[in-house]
Amino acid sequence: MQFDLSGFDITEFTEARILIECAIIPLATRRIFPAMLSKLENELRLIEENADNPQEADRHDRDFHLLLLQASGNRVLQVFSDVLITYFEKTRESLPANDRQYFLDTAAKQREILLHIKKGDAQMASELMRAHLLEKRL
């Protein structure tokens, strides 16, 4: 609610997301466990399966990002998940313009990020996340 009252714009949310989400990737890479990997992979599968339903695909996209925050294992950073939730709520009106291919591309990019996390390559995963978030802003 505080985010809504402050009148932040999408650019500010995107900046915050890039800083937070890219910063947690090294932690997530070191701390992720098999059950969390399965949950992340499941969210990607659900994005793909629901690519024709923008509301549902967007929810699973959001949940993927929230799970990555959780995977960092840092409870203080997880509090910043409100930034993510507010971002997704504020961008919901653009969902009808996001067609099936948009969500399939999103899932593919997130799969690549997850692949580098699994490999232990936090730097590449962070770079891919940054590019992904910058692209989503456009």
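**Figure 1. The whole chain is built from eight helices and zero strands.** Welcome to the overview, which shows a predicted model. Reading from the N terminus, the order of elements is α-α-α-α-α-α-α-α. The protein has 138 residues, and 42% of them count as buried. Take the contacts between residues at least 6 apart in sequence: 77% of these join residues at least 24 apart. The close-ups below visit some of the helices and the residues that link them.

**Figure 2. Helix α4 and its buried residues.** Helix α4 covers residues 54–71. It has 18 residues and spans 26 Å from its first C-alpha to its last, close to the 26 Å expected at 1.5 Å a residue. Its buried residues include Ala 57, Phe 64, His 65 and the run Leu 66, Leu 67, Leu 68 and Leu 69. Charged residues appear in the buried list too, among them Asp 58, Asp 61 and Asp 63. Just after α4 comes Gly 73, whose phi is positive at about 75°.

**Figure 3. A network of salt bridges on α4 links Glu 56, Arg 59, Arg 62 and Asp 63.** Side chains of opposite charge can pair when their charged atoms come close. Look for the pair formed by Arg 59 and Asp 63, where N and O are 3.7 Å apart. That distance satisfies the salt-bridge rule because the cut-off is within 4 Å. Both residues lie in helix α4, four residues apart, which is about one turn of the helix. Are the two partners buried or exposed? Arg 59 is partly exposed, with a relative accessible area of 35%. Asp 63 has 16% relative accessibility, so it counts as buried. Across the protein, the count of salt bridges comes to nine.

**Figure 4. Arg 45 and Glu 49 form a salt bridge in helix α3.** The closest N and O atoms of Arg 45 and Glu 49 are 2.6 Å apart. Helix α3 spans residues 34–49, and because the two residues sit four apart in it, they are separated by about one helical turn. Arg 45 is partly exposed at a relative accessible area of 36%, while Glu 49 is exposed at 52%.

**Figure 5. Asp 52 and Arg 100 join distant parts of the chain through a salt bridge.** Here the closest N and O atoms are 3.2 Å apart. Asp 52 belongs to the loop between α3 and α4, whereas Arg 100 is in helix α7, and the two are 48 residues apart. With 60% relative accessibility, Asp 52 counts as exposed. Arg 100, at 39%, counts as partly exposed.

**Figure 6. Helix α7 and the residues it buries.** Helix α7 comprises residues 100–119. Its 20 residues reach 29 Å from first C-alpha to last, close to the 28 Å expected at 1.5 Å a residue. Which residues of α7 are buried? They are Phe 103, Thr 106, Ala 107, Gln 110, Ile 113, Leu 114, His 116 and Ile 117. Gly 120 follows α7, and its phi is positive, near 85°.

**Figure 7. Helices α4 and α7 pack against each other at about 15°.** Their axes are 11 Å apart. An angle under 35 degrees counts as roughly parallel, so α4 is roughly parallel to α7. The crossing of the two helices is left-handed. On the α4 side, the contact is made by Pro 54, Ala 57, Asp 58, Asp 61, Phe 64, His 65 and Leu 68. On the α7 side, Phe 103, Thr 106, Gln 110 and Ile 117 take part.

**Figure 8. Asn 98 in the loop between α6 and α7.** Helix α6 covers residues 81–90. Asn 98 is buried, with a relative accessible area of 15%. Not counting residues up to four places away in sequence, Asn 98 touches Pro 54 and Phe 103. You have met both partners already: Pro 54 of α4 and Phe 103 of α7 belong to the contact between those helices.

**Figure 9. Leu 37, a buried residue of helix α3.** The relative accessible area of Leu 37 is 19%. Which residues is Leu 37 in contact with, leaving aside its neighbours within four places in sequence? The partners are Ile 32, Leu 114 and Lys 118. Leu 114 is one of the buried residues of α7. Leu 37 and Leu 67 are 30 residues apart in sequence, with their C-alpha atoms 9.3 Å apart in space.

Definitions and conventions
Residues are numbered from 1 along each chain as its sequence is written. This is a predicted model: local features need pLDDT of at least 70, side-chain atom pairs count only at pLDDT 80 or more; totals for chains, interfaces and linings use all residues. Side-chain values use heavy atoms; hydrogens and water are left out. A salt bridge is a side-chain nitrogen of Lys or Arg within 4 Å of a carboxyl oxygen of Asp or Glu. Buried means under 20% relative accessible area, exposed over 50%, partly exposed in between (1.4 Å probe, protein chains only). The expected span of a helix is 1.5 Å times one less than its number of residues. Axes are lines fitted to C-alpha atoms, for helices over the stretch in contact, and angles run from 0 to 180 degrees between N-to-C directions. Angles under 35 degrees count as roughly parallel, over 145 as roughly antiparallel, 65 to 115 as roughly perpendicular and the rest as oblique. A crossing is left-handed if the near helix is turned anticlockwise from the far one by less than a right angle, and right-handed if clockwise. Contact means heavy atoms within 4.5 Å.
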